[in-house]
Amino acid sequence: MPFTIAAEKAALRRSVKDTILSPWEKAHSDTLLLERFLALSPVVQASSLLLFYGVDTEPDTVRLLEPLAAMGKTLALPRCLPHRGMEARLYRGTSHLVPGPFGIPEPDTACPVIARDRFDVILVPALCCDRLCYRLGHGGGYYDRYLSGYSGLSVVLCRDKLLQTSLPVDRYDIPVGLVLTETVCLSSSPTEKSGA
């Protein structure tokens with residue numbers, strides 16, 4: 001079989017999904033990642049954020065909703081659209097969440113759509129990231145399409161254990177602004193240095 005970036009990404013997705021974290025490791029990692037995210041200066045200063053509803057091996061980002069709401073932030077969650085599209089809708093509490101096409105809770109249609117350019121920070125899901133701030137997603141391309149042309153800050157929470165030296169990338173892959181692990185903060189901007 002000829003080598004392709006798509007095949008390399010698929011193999012890496014399988015490998016990452018097979019990485020076992022004990023419940024204690026996951027809980028400890030989640031706590032550190034979420035605390036570091038909440039302490040980021042752009043997050044503290046943000047008025048509106050688009051989060052994602054973490055599932056499976058992803059960080060438990062649901063734990064961010066209450067503290068960010070208490071800080072007076074406007075919060076949104078993604079909603080999947082046909083043809084691999086995505087929109088952001090205002091988070092109005094768990095009573096307004098319904099299962100999306102992949103079983104992930106998303107806001108119902110009673111929640112207003114928020115335009116992408118209203119978000120100061122977008123938290124982006126990833127299976128893993130590399131040191132150049134490229135991410136490996138689940139393969140649907142939802143976030144690559146959504147982030148195309150976005151000028152605010154995009155952030156990925158990546159466990160140290162899953163941080164790669166480099167990832168296979170193609171012309172559609174867009175690096176995120178920051179990759180935050182339990183111990184390092186990596187920036188794709190040449191003017192910003194890591195160490196948050």
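The following exercises, each with a worked solution, concern a predicted model.

**Exercise 1. The eight-stranded sheet**

Determine the strand order of the open sheet of eight strands, and identify its edge strands.

*Solution.*
Step 1. The order of this open sheet is β6-β3-β2-β1-β7-β10-β12-β13, and its pairing is mixed.
Step 2. β6 and β13 are the edge strands, since each of them pairs on one side only.
Step 3. At one end of the order, β3 and β6 are antiparallel and share two bridges; A88 has I114 of β6 as its bridge partner.
Step 4. At the other end, β12 (residues 178-180) and β13 run antiparallel and are joined by three bridges. There, L180 is bridged to C185 in β13.

**Exercise 2. Strand β3 and its hairpin**

Establish how β3 is paired with β2, and decide whether β3 is largely enclosed or not.

*Solution.*
Step 1. β2 (residues 74-81) pairs with β3 in the antiparallel sense, over six bridges. Within this pairing, C80 is found opposite M86 of β3.
Step 2. Three residues separate the two strands of the hairpin, and H83 adopts a positive phi near 60°.
Step 3. β3 covers residues 85-90, and five of its six residues are buried. The strand is therefore largely enclosed by the rest of the structure.

**Exercise 3. The charged residue D108**

Locate D108 and find out which side chain of opposite charge is nearest to it.

*Solution.*
Step 1. D108 belongs to the loop that links β5 (105-107) and β6 (113-114).
Step 2. The residue is buried, yet it forms no salt bridge.
Step 3. The nearest side chain of opposite charge is that of R92, at 6.2 Å. A salt bridge would require a side-chain nitrogen of Lys or Arg within 4 Å of a carboxyl oxygen.
Step 4. Leaving aside residues up to four places away in sequence, D108 touches R79, R89, S95, H96 and V98.

**Exercise 4. The three-stranded sheet**

Give the strand order of the open sheet of three strands and explain what is left without a neighbour in it.

*Solution.*
Step 1. The strands are arranged as β9-β8-β11, with mixed pairing.
Step 2. β9 (135-136) and β11 (163-164) each have a single partner strand, so one side of each has no neighbour in the sheet.
Step 3. β8 (residues 128-130) and β9 run antiparallel and are connected by two bridges. C129 has R135 of β9 as its bridge partner.

**Exercise 5. L127 and the largest cavity**

Describe the surroundings of L127, and state which residues line the largest cavity.

*Solution.*
Step 1. L127 is placed in the loop between β7 (121-124) and β8.
Step 2. Its relative accessible area is 5%, so L127 is buried, the cut-off being under 20%.
Step 3. L127 and G137 are ten residues apart along the chain, with 5.6 Å between their C-alpha atoms.
Step 4. Beyond residues up to four places away in sequence, the contacts of L127 are R13, V16, K17, L136, G137, H138 and L162.
Step 5. The structure contains one cavity of 30 Å³ or more, and the largest cavity holds about 70 Å³ of space. Its lining consists of T57, E58, P59, A126, L127, C128, L157, C158, R159 and L162.

**Exercise 6. The largest pocket**

State how much space the largest pocket holds, and which residues and elements contribute to its lining.

*Solution.*
Step 1. The largest pocket contains about 940 Å³ of space.
Step 2. Its lining comprises 40 residues, of which H138, G139, G140, Y142 and Y143 are the closest to the centre.
Step 3. Two or more lining residues come from each of α1 (5-17), β2, β5, β9 and α5 (142-147).

**Exercise 7. Two strand residues**

Classify S154 and C185 as buried or exposed.

*Solution.*
Step 1. S154 is part of β10 (residues 153-157). Its relative accessibility is 8%, so S154 counts as buried.
Step 2. Excluding residues up to four places away in sequence, S154 touches I122, V124, L147, V176, G177 and L178.
Step 3. C185 is located in β13 (residues 185-187). With 4% relative accessibility, C185 is also buried.
Step 4. C185 and G93, separated by 92 residues in sequence, are 30 Å apart from C-alpha to C-alpha.

Key. Residues are numbered from 1 along each chain as its sequence is written. This is a predicted model: local features need pLDDT of at least 70, side-chain atom pairs count only at pLDDT 80 or more; totals for chains, interfaces and linings use all residues. Side-chain values use heavy atoms; hydrogens and water are left out. Helices (H or I, at least four residues) and strands (E, at least two) are DSSP runs, numbered from the N terminus. Buried means under 20% relative accessible area, exposed over 50%, partly exposed in between (1.4 Å probe, protein chains only). Lys and Arg count as positive and Asp and Glu as negative; His and the chain ends are not counted. Contact means heavy atoms within 4.5 Å. Two strands pair if DSSP finds at least two bridges between them. On a 1 Å grid over the protein atoms alone, a cavity is a set of points where a 1.4 Å probe fits but cannot get out, and a pocket is an open set with protein on both sides within 12 Å along at least five of seven lines; lining residues have an atom within 4 Å of a point. Grid points are joined across faces, edges and corners, and a volume is the space filled by probe spheres set on the points.
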